[in-house]
Amino acid sequence: MRPAALDWSVENCTIARAMEVLGERWTLVVLREVFTGVRRFDDMRVRTGIPRQVLTNRLAALVRQGVLSREPYREPGSRLRHEYRLTEKGLDLWPVLVAVLGWGDRYLADAEGSPLSVGHRDCGAPLRVELRCADGHEVDQVRDVVPRPGPGARRRTP
């Protein structure tokens with residue numbers, strides 16, 4: 001049986017575009033650090049073990065994409081430096097990181113569990129990502145999700 005998805009083009013797919021921004025291994029690690037409050041280059045480098053040039057490139061790419069902004073700071077007696085802060089575009093990635101964390105906790109955690117958890121600031125309850133349709137129905141089974149052409153889809157020509 002031929003999948004219906006073959007009838008439309010994925011040339012302008014936003015998943016592919018998002019992965020151009022997020023797809024490199026270290027990018028989500030950098031975002032994890034900024035989301036957990038680690039905003040300075042040297043702190044990120046020491047905490048993650050990311051090679052200096054790789055971290056420089058990741059941070060520059062995230063700034064260029066508008067996910068992070070560079071904010072100046074100066075410690076007393078030191079030169080001007082920058083720390084990295086999430087923009088609105090960056091903050092909108094929090095559910096993505098929570099979903100990746102949940103998946104990793106389910107399938108990849110050590111016996112002791114994950115070294116990171118996320119919770120609701122008001123009540124402390126653990127967070128999880130849920131699928132809901134626009135009418136508010138919770139989707140319990142991923143097999144109940146149906147991919148279909150979106151408004152930007154183009155019919156494929158044979």
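1. Read from the N terminus, the elements of the protein follow the order β-α-α-α-α-β-β-α-α-β. That gives six helices and four strands in the secondary structure. The model is a predicted one, and the points below should be read as a description of that model.

2. On overall dimensions, the radius of gyration of the protein is 20 Å, whereas a compact globule of 158 residues would have one near 15 Å. The C-alpha trace spans about 70 × 40 × 30 Å along the principal axes.

3. On burial and surface, 22% of the 158 residues are buried. The protein exposes about 12,200 Å², and carbon and sulfur atoms supply 52% of that area.

4. On contacts, the count here is limited to those with a separation of 6 or more. Residues 24 or more positions apart account for 45% of them.

5. On charge, there are 26 positive and 21 negative side chains in the protein. The centres of the two sets lie 7 Å apart. The salt bridges come to 11; some of them are taken up individually below.

6. D7 and R2 meet through their side chains in a salt bridge, at 2.5 Å from N to O. R2 is exposed, its relative accessible area being 56%. D7 counts as partly exposed because its relative accessibility is 27%, between the limits of 20% and 50%.

7. E33 and R32 form a salt bridge in which the closest N and O atoms are 2.7 Å apart. Is E33 buried or exposed? E33 has a relative accessible area of 0%, so this residue is buried. Its partner R32 counts as partly exposed, at 32% relative accessibility.

8. R81 and D42 form a further salt bridge, with 3.0 Å between the closest N and O atoms. Which parts of the chain does the pair link? R81 belongs to strand β3 (residues 81-86) and D42 to helix α3 (residues 41-48), so that distant parts of the chain are linked, the two residues being 39 residues apart. R81 counts as partly exposed at 30% relative accessibility, and D42 is partly exposed with a relative accessible area of 30%.

9. Apart from these pairs, R40, E75, E83 and R85 are joined into one network by salt bridges that share partners.

How values were computed:
Residues are numbered from 1 along each chain as its sequence is written. This is a predicted model: local features need pLDDT of at least 70, side-chain atom pairs count only at pLDDT 80 or more; totals for chains, interfaces and linings use all residues. Side-chain values use heavy atoms; hydrogens and water are left out. The radius of gyration is taken over C-alpha atoms; the globule rule is 2.2 Å times the number of residues to the power 0.38. Buried means under 20% relative accessible area, exposed over 50%, partly exposed in between (1.4 Å probe, protein chains only). Contact means heavy atoms within 4.5 Å. Accessible areas come from the Shrake-Rupley method with a 1.4 Å probe; for residues, only the protein chains shown count as cover. Lys and Arg count as positive and Asp and Glu as negative; His and the chain ends are not counted. The place of a charge is taken as NZ of Lys, CZ of Arg, CG of Asp or CD of Glu. A salt bridge is a side-chain nitrogen of Lys or Arg within 4 Å of a carboxyl oxygen of Asp or Glu.
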